[in-house]
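Reader: I'm new to this one. Could you show me how to read a few of its features?
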Amino acid sequence: MCWPAVVLSGILLAAALAGCGGSAVTGDGTTTVKVTIGGGGSAAAPAAASSRATPRPMGAAIPATVTAIRFTISGAGIADIVQTVPVTGATMTVTLQVPSGPGRTILVEALDSDGVSRFRGDTVIDAAGVALSITIGMAVDPSNPALLTWNIVATTLSTSGYLGRVTQGDGIAIVGGTSGELLSSTDGQNWTSLTSGTITQNINALAFGDNTFLGTTATWNYSSSPAFCTNRFYKATSDDVSNWTAVGTIGAGFEITDLAFGGGTFVAVGGDNAFYSTDNGATWNPGTISGVTYLADVAYGNGRFVAIGDWSDNLAVSTDGVHWTTISMGIGPDDALQRIGFGNGLFLATTSAGNAYTSPDGTAWLQRTQFFDLFSIESSTYSVAPGGGGFMVVTSSGIFFTFDLGVTWTAEINPGGWVYDGAYMNGAFIATGATGPGNVFRSGDL
């Protein structure tokens with residue numbers, strides 16, 4: 001007989017049909033576990049919807065960097081069982097015989113030709129002698145050498161400019177910077193200039209949603225009292241990213257600092273306010289929000305927006321972008337919120353003291369491991385970008401990664417210059433910044 005095929009979430013694994021592969025681990029008193037490697041996308045990590053760029057390593061096929069798969073089975077009362085299986089194609093099936101008993105850990109590592117683990121995932125099962133189909137989430141291994149290998153793949157047209165913002169959607173990445181400079185890429189490696197003169201001010205924020213890339217600039221009138229800022233919005237569709245048109249404006253005493261999209265709505269935050277648009281930036285209305293100051297960042301996930309105040313203790317949560325509830329984090333007088341991102345089903349917020357907090361809903365927060373020490377590293381967080389089964393945190397001193405939701409962090413990584421924003425695309429991370437000239441940095445292939 002055959003077991004039902006059940007897709008394993010993450011990059012590589014799915015439960016397999018019985019009798020379809022060789023045995024990696026054998027023995028008496030065991031429980032049969034079958035897995036297929038490279039067997040297809042899953043609900044947590046679907047195959048790419050766009051033909052422009054396949055999102056490795058979350059796609060179906062085994063990445064070209066992987067040459068072998070190592071299984072390690074461990075648990076109370078047994079010695080670790082380790083077996084390495086060579087990769088024989090884009091998909092392969094392996095049968096594991098796990099010694100029966102409670103609390104058996106199965107660790108899966110995808111190795112490159114040097115035996116270095118590129119991706120890893122684990123699960124704990126109770127092996128009771130009945131054949132099992134399991135789900136193992138795979139993420140980038142923190143020891144993956146690609147995280148340390150960065151190259152400049154694009155540079156600003158201006159020798160004094162910078163590239164400060166990046167977003168991606170529908171298989172396209174858009175980078176924006178000084179004086180309206182824009183670049184696009186469908187693979188993260190090759191970039192095309194989109195600068196046409198339509199946008200002439202610095203691009204403060206970028207977001208993607210509803211087949212639309214949306215960006216914003218700010219123009220100040222200091223002759224008025226008080227000074228007045230006109231925040232202008234520009235959009236382009238993913239079918240024609242070279243054609244940017246002016247849409248709506250927000251006039252206020254502050255600059256819009258960030259944008260997010262979710263549930264058919266764009267949200268823009270800045271100062272003490274949040275605004276929403278349901279027509280892709282053509283018209284904007286203020287939301288109902290209070291008790292927050294200097295809103296610096298906003299993210300969308302699990303059906304809600306979460307906006308945080310820069311250098312404050314408060315954040316605001318909304319399910320529609322219109323009505324907001326203010327939450328006090330209670331992080332202490334010597335710490336303050338800075339940036340937020342959403343990925344892997346959780347929001348991750350960072351603070352000025354290098355602390356990280358996660359939450360599924362923006363209301364209940366769990367403190368994680370500190371990723372830098374305020375007293376040993378002078379640093380501020382600039383952006384939080386999900387990808388590769390984890391998060392990239394861009395700071396003023398360098399880049400930090402976590403692939404276990406903030407439990408552990410990599411050491412600080414310098415991509416080769418100052419960076420401000422980041423994203424994940426097509427099996428690699430992207431970072432932007434570096435004044436004079438501005439650059440786009442890309443990690444190695446994961």
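Author: Sure, let's begin with aromatic rings: rings of Phe, Tyr and Trp (its six-membered ring) pair if their centres lie within 6.5 Å. In this predicted model, Phe 371, Phe 372, Phe 400 and Trp 409 form one aromatic cluster.

Reader: How many aromatic pairs does that rule give?
Author: The count comes to 18 aromatic pairs.

Reader: And how do I describe a single pair?
Author: A pair of aromatic rings is described by the distance of the centres and the angle of the planes. Take Tyr 382 and Tyr 420: their ring centres are 5.0 Å apart and their planes stand at 35°, so this pair is tilted. Tyr 382 belongs to strand β31 and Tyr 420 to strand β34 (residues 419-425), so the pair links distant parts of the chain, 38 residues apart. Tyr 420 is partly exposed, at 23% relative accessible area.

Reader: Which strands join β31 in its sheet, and in what order?
Author: The open sheet has three strands in the order β31-β32-β33, with antiparallel pairing. β31 (381-387) and β33 (399-402) are at the edges with a single partner strand each, so one side of each has no neighbour in the sheet. On average, neighbouring strands here are turned by 20° against each other, direction ignored. Between β31 and β32 (residues 390-395) there are six bridges, and Gly 387 has Gly 390 in β32 as its bridge partner.

Reader: Is Gly 101 buried or exposed?
Author: Buried means under 20% relative accessible area. Gly 101 has 14%, so Gly 101 counts as buried. This residue sits in strand β7 (residues 101-111). Leaving out residues up to four places away in sequence, Gly 101 touches Ile 125, Asp 126 and Ala 127.

Technical notes:
Residues are numbered from 1 along each chain as its sequence is written. This is a predicted model: local features need pLDDT of at least 70, side-chain atom pairs count only at pLDDT 80 or more; totals for chains, interfaces and linings use all residues. Side-chain values use heavy atoms; hydrogens and water are left out. Two strands pair if DSSP finds at least two bridges between them. Helices (H or I, at least four residues) and strands (E, at least two) are DSSP runs, numbered from the N terminus. Axes are lines fitted to C-alpha atoms, for helices over the stretch in contact, and angles run from 0 to 180 degrees between N-to-C directions. Buried means under 20% relative accessible area, exposed over 50%, partly exposed in between (1.4 Å probe, protein chains only). Contact means heavy atoms within 4.5 Å. Rings of Phe, Tyr and Trp (its six-membered ring) pair if their centres lie within 6.5 Å; planes under 30 degrees apart count as stacked, over 60 as edge-to-face and the rest as tilted.
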